[in-house]
Amino acid sequence: MPSQSLSTLAGALAISATALAAETALERGAYLVEGPAACGSCHTAPMPGAAPLAGRTLVEPAFTAEVPNITPGSRIADWSDAQLVRAIREGLRPDGTVIGPPMPIMLYRHLSDSDVMAMVT
C-alpha cells in the first residue's frame with residue numbers, strides 16, 4: 001500500500017475516532033435505545049402515530065405483559081440511575097421484584113458501563 005494511502009487511512013481513522021469521542025452520552029443513549037437495543041420493539045405500540053416508548057399491552061401465545069411507559073416523565077423517572085441500570089441488566093425493579101416476561105435481560109446483561117449509563121441518560 002503506498003504511503004499516501006496509509007496516511008489517508010490514518011487520517012480517516014483519526015477523524016472517525018474524534019467523531020466518536022464527540023458523541024454525548026445522550027446521543028449515544030438515544031442511538032442505543034432507538035437502534036440496537038430495540039427498546040421500542042416492546043415499549044412502543046405497533047401502530048402509526050404511537051408515542052415512542054410510551055408502553056403498551058403485549059399479547060403473545062405464552063403470556064400477556066403490560067409493558068410500561070419508559071419515557072422521562074413516566075413512573076421510572078423516580079428511579080435512581082443505579083435502579084435503572086439494575087432494571088436493564090438484571091430485570092429487577094427497585095423493590096426487587098422481577099420485570100418480565102419478556103424483558104430480554106440476557107441481551108442487556110453485558111452492556112458496557114458507559115453504554116448502559118448512556119441508555120439511562
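Start at the N terminus and follow the chain along: the elements run α-α-α-β-β-α-α-α. That comes to six helices and two strands. Keep in mind as you click around that this is a predicted model. Colour by accessibility if you like; of the 121 residues in the protein chain, 27% count as buried. For contacts with a separation of 6 or more, residues 24 or more positions apart account for 32%.

**Stop one: helix α2**

Select residues 25-34, which is α2, and show side chains for the buried residues G29, L32 and V33. Now look down the axis of α2: these buried residues fall within an arc of 95°, so they line one face of the helix. What do the buried residues of α2 pack against? Add α3 (39-43) and α6 (113-120) to your selection, and you have the partners.

Stay with α2 and α6 for a moment. Their axes come within 7 Å and cross at roughly 90°, which makes α2 roughly perpendicular to α6. To see who meets whom, pick A25, R28, G29, L32 and V33 on the α2 side, then D115, A118 and M119 on the α6 side. G29, L32 and V33 turn up again here, having already appeared as buried residues of α2.

**Stop two: the hairpin**

Next, move on to the strands. Select 56-60 for β1 and 63-67 for β2; the two run antiparallel and are joined by five bridges. Between them sit two residues, and the strands form a hairpin. If you want one pair to zoom in on, take T57, whose bridge partner in β2 is E66.

While you have the strands on screen, a general reminder: in a regular strand the side chains alternate between the two faces of the sheet.

**Stop three: helix α4 against α6**

Now select 81-90 for α4. Its buried residues are L84, V85, A87, I88 and R89. Which helices help to cover them? The cover includes α5 and α6, so bring both into view.

Turn to the pairing of α4 with α6. The axes come within 10 Å and cross at roughly 110°, which makes α4 roughly perpendicular to α6. The crossing is right-handed. For the contact itself, show D81, L84, V85, I88 and R89 from α4, along with D113, V116, M117 and V120 from α6. Among the α4 residues in that contact, L84, V85, I88 and R89 are also on the list of buried residues.

It is worth having α2, α4 and α6 on screen together at this point. α6 is roughly perpendicular to α2, and α4 is roughly perpendicular to α6.

**Stop four: past the end of α4**

Step just beyond α4 to G91, where the backbone takes a positive phi of about 70°. Then carry on to T97, which you will find in the loop between α4 and α5 (105-108). Is T97 buried, partly exposed or exposed? At 36% relative accessibility, T97 counts as partly exposed.

Leaving aside residues up to four places away in sequence, T97 touches G91 and L92. So G91, the residue with the positive phi just after α4, is one of the residues that T97 touches. To finish, draw a distance between the C-alpha atoms of T97 and A87: these residues are ten apart along the chain, and the separation is 9.9 Å. A87 is one of the buried residues of α4.

Note on methods:
Residues numbered from 1 in each chain as written. Predicted model: local features only at pLDDT ≥ 70, side-chain atom pairs only at ≥ 80, totals over all residues. Heavy atoms only, no water. Buried < 20%, exposed > 50% of the residue type's maximum accessible area, 1.4 Å probe, protein only. Helix = DSSP H or I, 4+ residues; strand = E, 2+ residues; numbered from the N terminus. Arc of directions from axis to C-beta. Contact = heavy atoms within 4.5 Å. Pairing = 2+ DSSP bridges. Axes fitted to C-alpha atoms, helices over the stretch in contact; angles between N-to-C directions. Parallel < 35°, antiparallel > 145°, perpendicular 65-115°, else oblique. Left-handed = near helix turned anticlockwise from the far one by under 90°.
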